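Reader: I'd like a close look at just one part of this fold, please. Could you pick a stretch of neighbouring strands and helices and talk me through it, then add some of the charged contacts?

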Amino acid sequence: MSSSLQGSAIVSRLRAAGCVFADDEARLLMAAAPNAADLDALVERRVTGEPLEYVLGFAEFCGLRIAVEPGVFVPRRRSEFLVTQAAQAAQGVESGAVVVDMCCGSGAIGVALAARLQLAELHAVDIDPVAVRCARRNIAAAGGHVYEGDLYEPLPITLRGRVDVLVANAPYVPTDEIELLPAEARLHEARIALDGGADGLDIQRRVSEGASQWLAPGGRVLIETSERQAPDTLEMVARAGLTSSLNSSEEFDATVVIGSRT
């Protein structure tokens, strides 16, 4: 069978399985498979509902290929807006920014920031050991450090009062709404990467409360949130003693709350 005919058959299988971007996915799967048997295995994994990023072993994010392992939160395109906002927040830091990627998952946000900025230090934290292992693969090339633990707990004490930019794409799906998520997220991503508690803001609340102890003077914490939850996120950041503001993007369908230590 010629490659074009083979590709056509794969597109048909993907479409029948409900893959909206079947043509693009077929090209990626064919490029990833070293032989026909491996290609069949990859296609089978995809048509049975496994996220494309797990099948390929990577996700495209901010023009970069980020390694992604099964169970690890897949970086979303909307989080590229968080990267843009964080990069702007780091402008003007004279000797290179100290950045912390909180709830880092695969480390995609930290890696993308490292590609855009002159970083003095990059640190990333996640509580999930699988995510930490994956993040270390991605962040090693940027010379960063990844820690396993609960939010600020595993960070080196020497970072207190020195962080210029703290980014947090913490879980913000309310517990009762997880069952409404697309099956690719609900069935395949770790629940700990999705569940934000009863109102979706449990982790954001703890990130906000601890931020001022770690931020440098003039440092900023940036928290991805939803449009619906944004007023509550703004309020919790203000209650933590930070000057709070909000930016949103229709293009990315994204909302980011920024808290500044002044």
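**Parallel strands and their crossovers**

Author: Let's start with one pair of residues: Asp 126 has Glu 148 in β5 as its bridge partner. β5 covers residues 145-148 and runs parallel to β4, with four bridges joining the two. To get from β4 to β5, the chain goes through helix α7 (residues 129-139), and that β-α-β crossover is right-handed. Right-handed here means that, with the strands pointing away from the viewer, the path from the first strand over the helix to the second runs clockwise. Strands count as paired if DSSP finds at least two bridges between them. The element names come from DSSP runs, numbered from the N terminus: helices are H or I with at least four residues, strands are E with at least two.

Before going on, bear in mind that this is a predicted model, where local features need pLDDT of at least 70 and side-chain atom pairs count only at pLDDT 80 or more, while totals for chains, interfaces and linings use all residues. Residues are numbered from 1 along each chain as its sequence is written, and side-chain values use heavy atoms, with hydrogens and water left out.

Now look at the loop between α7 and β5, where you'll find Ala 141. With a relative accessible area of 80%, Ala 141 is exposed (buried is under 20%, exposed over 50%, partly exposed in between, using a 1.4 Å probe and protein chains only). Its C-alpha atom is 8.6 Å from that of Val 111, and the two residues are 30 apart along the chain.

Val 111 takes us to the other side of β4. Strand β3 (residues 97-102) runs parallel to β4 (residues 119-126), and six bridges join them. Across from Val 100 you'll see His 123 in β4. Between β3 and β4 the chain passes through helix α6 (residues 108-116), in a right-handed β-α-β crossover.

α6 also has α5 for company: their axes come within 10 Å and cross at roughly 45 degrees. These axes are lines fitted to C-alpha atoms, for helices over the stretch in contact, with angles from 0 to 180 degrees between N-to-C directions. That makes α5 and α6 oblique to each other (under 35 degrees is roughly parallel, over 145 roughly antiparallel, 65 to 115 roughly perpendicular, and the rest oblique). The crossing of α5 past α6 is right-handed, meaning the near helix is turned clockwise from the far one by less than a right angle, whereas anticlockwise would be left-handed.

As for charged contacts, the structure holds 19 salt bridges, each being a side-chain nitrogen of Lys or Arg within 4 Å of a carboxyl oxygen of Asp or Glu. One of them brings us back to α5's surroundings: Arg 77 and Glu 251 meet at 3.6 Å, N to O. This pair links distant parts of the chain, 174 residues apart: Arg 77 sits in the loop between β2 (64-67) and α5 (79-90), and Glu 251 in the loop between β8 (243-249) and β9 (254-260). Arg 77 is partly exposed at 47%, while Glu 251 is exposed at 58%.

Another salt bridge joins Asp 24 and Arg 27, with the closest N and O atoms 2.3 Å apart. Both lie in helix α2 (residues 22-32), three residues apart, so about one helical turn separates them. Asp 24 is partly exposed at 39%, and Arg 27 is exposed at 53%.
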